[in-house]
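Colleague: Please take one pocket of this model and go through it closely. Then work outward into the parts around it. Keep it brisk.

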Amino acid sequence: MRRLKIWHETRYEFSERVTLLPQRLLLRPREGHEVRIDSFRLSVSPEAQLKSHRDIYDNSITVASFSEGAQALVMLSEVELQNFNDAPLDFLVEDYALFYPFSYREKEVSEMFPYFYVQNGEFDQVLRNWLSNFWQPGQGPETYALLQNLCVGIHTGLQYRVREEPGVQTPAQTLNHGSGSCRDFANLFMAAARMLGLAARFVSGYLYAPVSEQGLGSTHAWAEVYLPGAGWKGFDPTIGKLAGSDHIPVAVAAWPDAVPPVAGDFIGLPGLAPALYVSVSVKAM
């Protein structure tokens, strides 16, 4: 078991006073048999009315509503938790899904339809050609081994880079550039899994790493694939490993753009753009 403390501050600064519209905050980690929250505190300035609920993915969402304008908006979350996912390889896959290819049960397919869905143009030839390096029709590898090879293939074959600009690269863009951020790598892995007919979803959260001990952490992203008998298993192509006790999931969704940590608008003069500052620390306790 690993005990972690996460500190996450998001600050918007405006050149003049603006009207703040409701902000949608995805900052509370997902609790379950692997993650247990000991304490969670969320503070917002200027003062806001906070209302929390669960969305269709069971993510915890807090909506901050404001009664006054401001020239700065600050949102700070502090959480202490325990992560019991010390042995991510300790799982069993149902016999019928042990080797790829396999077919999900009919009920599973109907309930997980969004995680199979393919956007127009997502499965272009660039992705198909890349995926052929890992699997060809007629081969019958273990399902886990195939997915892990994909995960490691992204980690070793592409260059990680920090991208401050918003948005997520398409799988083809990531492959053509030969590089991407953690969210780009997660999106590529998710698309590859779906091309193989496997249910996959996007995960946003945090990663505990030595650099985090220096207060220089960041948000993180990876992907999960549904394996019958094992459930949703996380694969992190940025580091080429299964998600374990170093990974703290906050939100899951069928698409990457559905789960930004902070989302909301403001009303101000045309062309007014705020300065954004984000600081994250993930430390062992």
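Modeller: In this predicted model, 27 residues line the second largest pocket. Nearest its centre lie H33, E34, N85, E224 and W232. The volume is about 620 Å³. By class, the lining holds 12 nonpolar, 7 polar and 8 charged residues.

Which elements supply at least two residues each to this lining? They are β9, β10 (231-236) and β12 (247-253). β9 covers residues 219-227, and E224, one of the residues nearest the pocket centre, falls in that range. W232 is another of those central residues and sits in β10 (231-236).

Now the sheet. β9, β10 and β12 belong to an open sheet of 5 strands. The order is β11-β10-β9-β8-β12, and the pairing is antiparallel. β11 (241-242) and β12 are the edge strands, each pairing on one side only. So what holds β11 to β10? Two strands count as paired if there are at least two bridges between them; here 2 bridges join β10 to β11. F235 faces L242 of β11 across that pairing. Side chains in a regular strand alternate between the two faces of the sheet.

Helices pack on this sheet. α3 touches β9, β10 and β11. The direction of α3 makes about 30° with that of β10. α5 lies across β8, β9 and β10, and runs at about 15° to β9. Thus β9 and β10, which supply the second largest pocket, are touched by α3 and crossed by α5.

The two helices also meet each other. The axes of α3 (residues 143-157) and α5 come within 10 Å, crossing at roughly 150°. The crossing is right-handed. From α3, the contact uses L147, L150, C151 and I154. From α5, it uses F185, L188, F189, A192 and A193. By class, that contact has 9 nonpolar residues, with no polar and no charged ones.

Next, the cavity. A search of the whole structure finds 1 cavity of 30 Å³ or more. It holds about 60 Å³ of space. H8, L26, L27, S204, G205, Y206, T219, V250, A251, V259 and P261 line it. β8 and β12 each give at least two of these residues, and β8 has the largest share, with 3 residues. The lining divides into 7 nonpolar and 4 polar residues, with no charged ones. β12 therefore appears in two linings: at least two of its residues line the second largest pocket, and at least two line the cavity.

T219 and P261 lead on from the cavity lining to the largest pocket, where they are among the residues closest to the centre. R163, E164 and R183 complete that central group, out of 40 lining residues. The largest pocket has about 1,400 Å³ of space. Its lining has 23 nonpolar, 12 polar and 5 charged residues. Elements that give two or more residues are β1 (2-25), α5 (182-195), β8 (200-207), β9, β13 (262-267) and β14 (275-284). β14 gives the most, with 5 residues. β9 is on this list and is also a supplier of the second largest pocket.

Some backbone details round this off. Strand β3 (residues 48-54) is joined to β4 (residues 60-66) by 7 bridges, and the two run antiparallel. H53 has I61 of β4 as its bridge partner. The two strands form a hairpin, with 5 residues between them. D58 is in the turn, with a positive phi of about 70°. Most residues other than glycine have a negative phi, and most peptide bonds are trans.

Where are the cis bonds to P46 and P101? One joins S45 and P46, with omega about 5°. P46 lies in the loop between β2 (35-45) and β3. The other runs from Y100 to P101, with omega near 5°. P101 is in the loop between β5 (70-83) and α1 (106-111).

Notes. Residues are numbered from 1 along each chain as its sequence is written. This is a predicted model: local features need pLDDT of at least 70, side-chain atom pairs count only at pLDDT 80 or more; totals for chains, interfaces and linings use all residues. Side-chain values use heavy atoms; hydrogens and water are left out. On a 1 Å grid over the protein atoms alone, a cavity is a set of points where a 1.4 Å probe fits but cannot get out, and a pocket is an open set with protein on both sides within 12 Å along at least five of seven lines; lining residues have an atom within 4 Å of a point. Grid points are joined across faces, edges and corners, and a volume is the space filled by probe spheres set on the points. Helices (H or I, at least four residues) and strands (E, at least two) are DSSP runs, numbered from the N terminus. Ala, Val, Leu, Ile, Met, Phe, Trp, Tyr, Cys and Pro count as nonpolar, Asp, Glu, Lys and Arg as charged, and the others, Gly among them, as polar. Axes are lines fitted to C-alpha atoms, for helices over the stretch in contact, and angles run from 0 to 180 degrees between N-to-C directions. A crossing is left-handed if the near helix is turned anticlockwise from the far one by less than a right angle, and right-handed if clockwise. Contact means heavy atoms within 4.5 Å.
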